[in-house]
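Here is a walk through one protein model, taken a piece at a time. Keep the structure open beside the text and click along.

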Amino acid sequence: MLITDVSAAANRRAQRVMPMGNTRSSAFAAPYPIYLASGEGAYVTDVDGNRYLDFQNNFTALIHGYGHADVTSALLAQLMKGLSFANPTFPEIELAELLCDRVAHFEHVRFTNTGSEAVMMAIKAARALTGRTLVAKCEGAYHGNYDAVEINVSAPPTRWTDGCGGCSLEHDGLAASVAQQTVAIPFNDIENSDRILSAAGCDLAAVLIDPLPSRAGLVQITPEYLAYLRRWTSARSALLISDEVLSFRLGYTGAFGESSIKPDITAFGKIIGGGLPIGAVAGGSDVMKVFAPLGKRPHVAHSGTFTANPMTMVAGLAAMAAMTKDEFQRINQLGEDARRGLADAFRSAGVTGAVTGTGSMFRIFIGAGKISSYTDAHLASRHSATLGDVIRHMRDRGVLISQVGLGAISTPMTPTDIGMLAAVFEDALRAVVVRAHARKEGAADEP
């Protein structure tokens, strides 16, 4: 059993000054989370001195893991010059140039502090440019903390064939009017999406998509569905917004850089900050001009005390410069190896399960043979307690993945690390699932 006494004490201390001892809901764990003290390469060490191979990477943001030499050097150099200023700096231009040079449909970039803020600004831009309010998003897709997109994220799947579905507010604190501002559509379902979108008609300002929605199962958007949404939005002068906060790590040019189908606006972040807080909105100059401070109306005001701060800009510039085409290809291959190894572990242990994802990301589901929709992912959540036990067993064996089974590859990782992931996962399946099944069968055989 892993010794985590210092983490337990830290949580008791935290509960005296924070609700449930927590600031990030995503980091909450019962009875308490593991508190981390340091990271090096692909590994992290907790406050009790336990060392782990980390596939969490701060929820996929740390594509280089911990202590990347170029990122560290850039931060140390900027630290001596200044943390933040009220005026722009050269690093802001340099990171924007790198991003626009890589992605052909990025002509202008606007930086924010978080992915949630980037999505919010993209939606505000769409509303300003179209003069409309209504937004459509896919059921099961998480787009951050902006009110308009906090619907139908983890609610029970909609029975789309029974009608137009509905809008389920995700959390308390949201105004009831949100339900009149946003509609949900079924991911990768052209027929039912068309029925719902056509009912909304020309009231829609934008359709918001995630190329690889993690909450909907980490299933990739189909080319056919993407093409349909592009046709629909173009025909009605609505905007197509791509939320690539998570999926910008799929390749050198992001999720859609090599696609013939381009979104009007892209919201992204995570890996482009080198481990520091960041978000960004990008698109063609005709769309992005809505943010120009001296431009004619419509105009969307956007500022932020720490937006484009030089520490984040230099870290992001160093991190992205190190992500060459070859490096993306290498970690994406490791991702493929990881998904294959995890699937082999399911078969070897004789446990029903599925592994989804693409590029350098994966997600594990227990009790489901196939995940192809939000409905499949939601049904698999019935086995969340078992999955939680498996993830804790893996943690106790020195491997960290997120509490929902999501994992990401970082550049310090090697094939040996991927082999460790698969081996520890199979051991966890045998220790948790197989033994539990054996105990259940043994109890049934007792007179």
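## Helix H7 and its surroundings

At 1.5 Å a residue, the 13 residues of helix H7 (residues 223-235) ought to cover 18 Å, and the C-alpha atoms at its ends do lie 18 Å apart, so expectation and model agree. Bear in mind that this is a predicted model.

What is tucked away on this helix? The buried residues of H7 are Tyr225, Leu226, Ala227, Tyr228, Leu229, Arg230, Trp232 and Thr233. They pack against four strands and a helix, namely strand E5 (134-138), strand E6 (182-185), strand E7 (204-209), strand E8 (239-244) and helix H6 (190-200). Just past the end of H7, Ser237 has a positive phi of about 55°.

## Two cores

The largest nonpolar core counts 52 residues, and Phe55 and Phe111 have the most contacts inside it. Several elements supply at least two residues each to this core, including helix H4 (90-102), strand E4 (108-112), helix H10 (325-349) and helix H13 (415-445). If you select Phe55 and skip its neighbours within four places in sequence, you'll find it in contact with, among others, Phe362, Leu400, Ile409, Met413 and Leu421. There is also a second, separate core of 26 residues, with Ala136, Ala184, Val207 and Ile261 among its members.

## Strand E9, wrapped up

Why call strand E9 (residues 265-269) largely enclosed by the rest of the structure? Five of its five residues are buried, so the description fits. Side chains in a regular strand alternate between the two faces of the sheet. In E9, Ile265, Ala267 and Gly269 are on one side, Thr266 and Phe268 are on the other, and all of them are buried.

E9 has partners, too. It runs parallel to E8, joined by four bridges, and the bridge partner of Asp243 in E9 is Ala267. With E10 the pairing is antiparallel, over five bridges, and here Ala267 stands opposite Val281.

## A four-stranded sheet

Elsewhere, an open sheet of four strands has the order E1-E2-E3-E13, with mixed pairing. Its edge strands, strand E1 (36-40) and strand E13 (399-400), each pair on one side only. Strand E2 (residues 43-46) and strand E3 (residues 51-54) are antiparallel and share three bridges, with Thr45 opposite Arg51 in E3. Arg51 also lies over the face of Tyr43, at 3.9 Å from the ring centre. For another case of a charge over a ring, look at Arg215: its charged end sits over Tyr142, 4.3 Å from the centre of the ring.

## Aromatic pairs

A search of the whole structure turns up eight aromatic pairs. Two of them are set out here.

| Pair | Centre to centre | Angle of planes | Type |
|---|---|---|---|
| Phe106 and Phe268 | 5.2 Å | 25° | stacked |
| Tyr252 and Phe328 | 6.5 Å | 85° | edge-to-face |

The stacked pair links distant parts of the chain: Phe106 is in the loop between H4 and E4, while Phe268 is in strand E9, 162 residues apart. Phe106 is buried at a relative accessible area of 3%, and Phe268 is buried at 0%. Together with Phe248, these two form one aromatic cluster.

In the edge-to-face pair, Tyr252 is in the loop between E8 and E9 and Phe328 is in helix H10, so parts 76 residues apart in sequence are tied together. Tyr252 is partly exposed, with a relative accessible area of 27%, whereas Phe328 is buried at 3%.

Note on methods:
Residues numbered from 1 in each chain as written. Predicted model: local features only at pLDDT ≥ 70, side-chain atom pairs only at ≥ 80, totals over all residues. Heavy atoms only, no water. Expected span 1.5 Å × (residues − 1). Buried < 20%, exposed > 50% of the residue type's maximum accessible area, 1.4 Å probe, protein only. Contact = heavy atoms within 4.5 Å. Core = buried A, V, L, I, M, F, W, Y, C linked by side-chain atoms within 4.5 Å. Pairing = 2+ DSSP bridges. Phe/Tyr/Trp six-rings, centres within 6.5 Å; stacked < 30°, edge-to-face > 60°. Lys NZ or Arg CZ within 6 Å of the ring centre and 35° of its normal.
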